[in-house]
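Let's take a look at how the two parts of this protein chain sit against each other. The model is shown below, and a short tour of the interface follows.

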Amino acid sequence: MAKFLVENKGPLRGEVSISGAKNSVLPIMAATLLCNEECIIQDVPALRDVEVMCQILESLGVKVDADFSNNRLSLNATEILHNETPPELAKRMRASILTMGPILARKGSAVVALPGGCAIGARPIDLHLKGFEALGAEIIFGEHHVEARAEKLKGNRIYLDYPSVGATENIITAAVFAEGTTIIENVAEEPEIVDLANYLNKMGAKIKGAGTDTIKIEGVERLHGTTHTVIPDRIETGTFMVAAAITRGDVLIKNVVPDHVRPVIAKLTECGCVVEDTIDGLRVRGDVNPLVATDIKTLPYPGFPTDMQSQFMALLTTVEGQSTVIETVFENRYMHISELNRMGADITHDGRSAIINGGAPLHGSSVMSTDLRAGAALVLAGLVASGTTEVTEIYHIERGYTEFVDKLRGIGAEIRKED
Ligand code: EPZ
């Protein structure tokens with residue numbers, strides 16, 4: 001199996017450019033199923049998950065023209081031939097569930113295999129299905145799949161028990177053609193929701209309030225094609241900000257939206273980093289002050305992102321003192337702790353809380369990626385560990401980070417991929 005070999009080559013310095021957001025392009029690709037004209041998507045990151053979504057769309061009858069060397073996708077869902085995502089593809093990626101809303105809206109029936117994805121928790125889809133039911137769909141469970149069926153969806157008022165990102169996205173796309181007005185309350189406010197709403201509105205949808213806790217959708221008859229540029233990936237941005245901090249380096253991160261990483265800027269600053277919002281991007285310096293322990297608690301946006309929890313924990317193992325981490329979004333997102341402890345970290349956890357006694361030097365070891373962000377965290381730890389760190393199961397990392405090795409080497413990291 002392929003692995004990354006990482007050495008400590010001192011502080012990272014230089015410039016790195018961020019790619020398009022994985023968690024924006026995936027719902028946008030799925031939403032293209034609502035449109036029977038060509039749509040062009042730009043700044044598409046060349047990722048495993050994007051390739052899988054292309055395969056899913058093609059299996060549904062969408063004409064897909066992927067030009068990854070130019071980060072460009074042309075999608076044309078003139079007709080959707082089937083209403084079911086292929087189970088073998090759906091199991092590989094949880095985001096496949098995002099095709100359910102658009103297919104239900106377009107075909108009146110959508111069938112998906114009960115989703116897979118990272119091993120970071122049960123990750124049910126009850127809130128997605130509750131939204132479809134509120135719009136008038138009948139939900140029928142099979143042994144391994146679930147179907148949502150409705151002749152015509154009707155607008156309604158929906159309250160989300162939890163601001164689920166995926167449920168928000170699926171209910172928005174299901175409601176685009178629904179009769180009348182749909183109001184969804186307690187929705188996710190992530191930037192990726194705003195990007196999706198902007199894309200749909202450019203296609204002729206009538207969606208208001210994305211980015212707030214309430215979204216209002218007026219049903220329309222049809223959507224027309226458009227061209228859209230995906231927002232930069234705020235989690236890749238945060239990952240490289242932590243890479244600068246953990247190596248006590250000085251890195252300029254370009255093609256970023258500072259507003260999308262406010263919690264990460266705040267926490268890195270609290271640790272003693274200097275983060276400058278310059279005309280060229282975010283300059284992150286871990287070499288100005290001695291870094292100090294701090295506490296983080298993950299929350300839905302605009303709180304500290306769960307997708308940055310493992311990377312930040314790696315940083316906290318390198319600063320003197322006791323830090324605490326509370327993971328409130330997923331019930332099982334601490335599998336990187338045992339791997340970091342194999343590298344000499346001193347982390348204990350009980351349920352959703354973890355305590356990091358930082359400062360002990362890390363040493364290289366053979367460690368395993370358990371989800372894409374945990375894998376990135378182990379690479380970051382390897383940048384400051386003595387000796388060689390071997391990171392295995394790197395397919396997780398390659399699902400969410402494009403050109404990860406090249407970008408790190410571009411700012412001075414000693415990392416290489418071995419097949
Ligand atoms: C999205 O996943 C992201 N994935 C995740 O990023 C991210 O960690 C997560 O949002 C939270 O920000 C994509 O956008 C493709 P949720 P999603 O629905 O939509 C519970 C990464 O690293 N829940 O907001 O699956 C669920 O169990 C990935 O790029 C229900 O209970 O997240 C979880 O505990 C990992 N019922 C919590 O809500 C539901 O119907 C958050 O899940 C849906 C979710």
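## Where the two domains meet

In this predicted model, domain 1 and domain 2 bury about 1,900 Å² between them, with 52% of that area on carbon and sulfur atoms. On the domain 1 side, the residues that lose the most area to domain 2 are Tyr301, Phe330 and Arg399, which together make up 32% of what that side buries.

It helps to know how the chain is divided. The domain assignment builds domain 1 from two stretches, 3-19 and 232-418, while domain 2 covers 22-229. Taken over C-alpha atoms, the centres of the two domains are 30 Å apart. Domain 1 brings 23 residues to the contact and domain 2 brings 22 residues.

Polar and charged links also cross this boundary. Three salt bridges are found across the interface of domain 1 and domain 2, along with six residue pairs in polar contact. Here is a summary of the interface:

| Interface feature | Value |
|---|---|
| Buried area, domain 1 and domain 2 | about 1,900 Å² |
| Salt bridges across the interface | three salt bridges |
| Polar contacts across the interface | six residue pairs |

On the side of domain 1 that touches domain 2, α12 (372-382) and α13 (395-400) each supply at least two residues. The largest share, four residues, comes from α13. Sorted by class, that side of domain 1 has nine nonpolar, five polar and nine charged residues.

For a closer look at one salt bridge in the model, find Glu192 and Arg234: their side chains meet at 2.8 Å, N to O.

Terms used:
Residues numbered from 1 in each chain as written. Predicted model: local features only at pLDDT ≥ 70, side-chain atom pairs only at ≥ 80, totals over all residues. Heavy atoms only, no water. Domains from an automatic or database assignment. Contact = heavy atoms within 4.5 Å. Buried area = accessible area lost by both parts, 1.4 Å probe. Salt bridge = Lys/Arg side-chain N within 4 Å of Asp/Glu carboxyl O. Polar contact = N/O pair within 3.5 Å; in protein donor to acceptor, adjacent residues only side chain to side chain. Nonpolar A, V, L, I, M, F, W, Y, C, P; charged D, E, K, R; others polar.
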